[in-house]
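This report describes one protein chain, going from its strands to its side chains. Please keep the sequence and the model in view while reading.

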Amino acid sequence: MKFFGVNMLIIVLILSGCAENEGIAEENNANVYMNVSNSSEVPKYLRADETPTYPVGSQVIINANHMPGMEGATATIVGAYKTTAYKVTYIPKTVGDPVKHYKWVIHEEIGNAGIAPFEPGDHVLLHVDHAEGMDGAGATIESAKPTTVYMVNFFNTKTGSEVKNYQWVTEDELSPMKK
């Protein structure tokens with residue numbers, strides 16, 4: 001019986017450690033977006049969407065919470081591009097806990113990307129600097145969707161600071177301004 005009790009204690013400690021790491025990873029997700037790149041550069045082979053739902057210069061409402069202060073913000077469209085957007089989990093090159101459910105990395109930001117899109121479960125190498133430690137990091141594809149992605153400028157609703165050239169928001173994460 002003593003052996004059973006010790007084993008149960010070990011299992012409980014291991015599981016509680018996993019829960020702690022999960023919390024740290026979620027905190028890390030929020031902190032990842034605090035150092036977002038504001039470069040207007042886009043990948044070399046990314047093609048513009050010639051007839052996007054939201055043309056360059058139009059104003060929209062963001063319905064996504066990729067980072068604190070983003071959801072509900074008014075944004076201006078800076079660019080619209082046809083591609084496949086991926087939700088990924090990656091381990092930053094700067095060392096740290098995995099960043100889970102990162103939205104979005106696009107097809108053209110993945111090393112050795114061919115024409116065909118990647119599938120959930122594929123392991124890839126990121127070639128993008130949306131956040132510190134991301135460029136060169138290994139990642140696992142969680143989901144993939146062909147869509148139009150947008151680069152936007154917006155004012156953070158929590159800090160009031162301007163976020164320029166935020167990459168990427170998908171079309172279904174935007175809505176038109178109400179008139």
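Strands E2 and E3 pair in the antiparallel sense over three bridges. Two strands count as paired if DSSP finds at least two bridges between them. Helices (H or I, at least four residues) and strands (E, at least two) are DSSP runs, numbered from the N terminus. In the pairing of E2 with E3, glutamine 59 stands opposite threonine 76 in E3.

The model is a predicted one, in which local features need pLDDT of at least 70 and side-chain atom pairs count only at pLDDT 80 or more, while totals for chains, interfaces and linings use all residues. Residues are numbered from 1 along each chain as its sequence is written, and side-chain values use heavy atoms, with hydrogens and water left out.

**Confidence**

pLDDT is the predictor's confidence in each residue, from 0 to 100. The chain has a mean pLDDT of 83, and 78% of its residues reach 70 or more. Among the elements, the lowest mean pLDDT, 36, belongs to helix H1 (residues 2–32), and the highest, 98, to strand E2 (residues 59–62). Over residues 1–35 the pLDDT is below 50, and this stretch has 25 contacts in the model beyond near neighbours in sequence. A contact means heavy atoms within 4.5 Å. Where pLDDT is low, the predicted coordinates should not be read in detail.

**Strands and their pairing**

The secondary structure comes to one helix and eight strands. From the N terminus on, the order of elements is α-β-β-β-β-β-β-β-β.

Which strands pair with E3 in the antiparallel sense, besides E2? Strand E1 (residues 47–48) does so over two bridges, strand E6 over 15 bridges, and strand E4 (residues 99–106) over five bridges. The table gives one pair of residues for each pairing of E3.

| Strand paired with E3 | Residue in that strand | Residue in E3 |
|---|---|---|
| E1 | Arginine 47 | Lysine 82 |
| E2 | Glutamine 59 | Threonine 76 |
| E6 | Valine 152 | Isoleucine 77 |
| E4 | Valine 99 | Tyrosine 90 |

Of the contacts in the chain with a separation of 6 or more, 62% are between residues 24 or more positions apart.

**Nonpolar cores**

Of the 179 residues of the chain, 38% count as buried. Buried means under 20% relative accessible area, exposed means over 50%, and partly exposed lies in between (1.4 Å probe, protein chains only). A nonpolar core is a set of buried Ala, Val, Leu, Ile, Met, Phe, Trp, Tyr and Cys residues joined through side-chain atoms within 4.5 Å.

The largest nonpolar core has 17 residues, and Ile62, Val152, Phe154, Tyr166 and Leu174 have the most contacts inside it. At least two residues of this core come from each of E2, strand E3 (74–90), strand E6 (138–155) and strand E7 (162–170). Leaving out residues up to four places away in sequence, phenylalanine 154 touches, among others, Ile62, Met67, Met70, Val163 and Tyr166. A second, separate core has 16 residues, including Tyr102, Phe118, Ala137 and Ala139.

**Aromatic pairs**

How many aromatic pairs does a search of the whole structure find? The search finds five. Rings of Phe, Tyr and Trp (its six-membered ring) pair if their centres lie within 6.5 Å; planes under 30 degrees apart count as stacked, over 60 as edge-to-face and the rest as tilted.

The pair of tyrosine 81 and tryptophan 168 is edge-to-face because the ring centres are 5.7 Å apart and the planes are at 80°. Tyrosine 81 lies in strand E3 and tryptophan 168 in strand E7, so this pair ties together parts that are 87 residues apart in sequence. Tyrosine 81 is buried, with a relative accessible area of 13%, and tryptophan 168 counts as buried at 0% relative accessibility.

Tyrosine 86 and phenylalanine 118 also form an edge-to-face pair, 5.9 Å centre to centre, with 65° between the planes. Tyrosine 86 is in strand E3 and phenylalanine 118 in the loop between E4 and strand E5 (123–125), 32 residues apart. Both tyrosine 86 and phenylalanine 118 are buried.

**Salt bridge**

The structure holds one salt bridge, meaning a side-chain nitrogen of Lys or Arg within 4 Å of a carboxyl oxygen of Asp or Glu. Aspartate 172 forms a salt bridge with lysine 145, and their closest N and O atoms are 2.9 Å apart. Aspartate 172 lies in the loop between E7 and strand E8 (174–176) and lysine 145 in strand E6, so the pair ties together parts that are 27 residues apart in sequence. Aspartate 172 is exposed, with a relative accessible area of 55%, whereas lysine 145 is partly exposed, at 23%.
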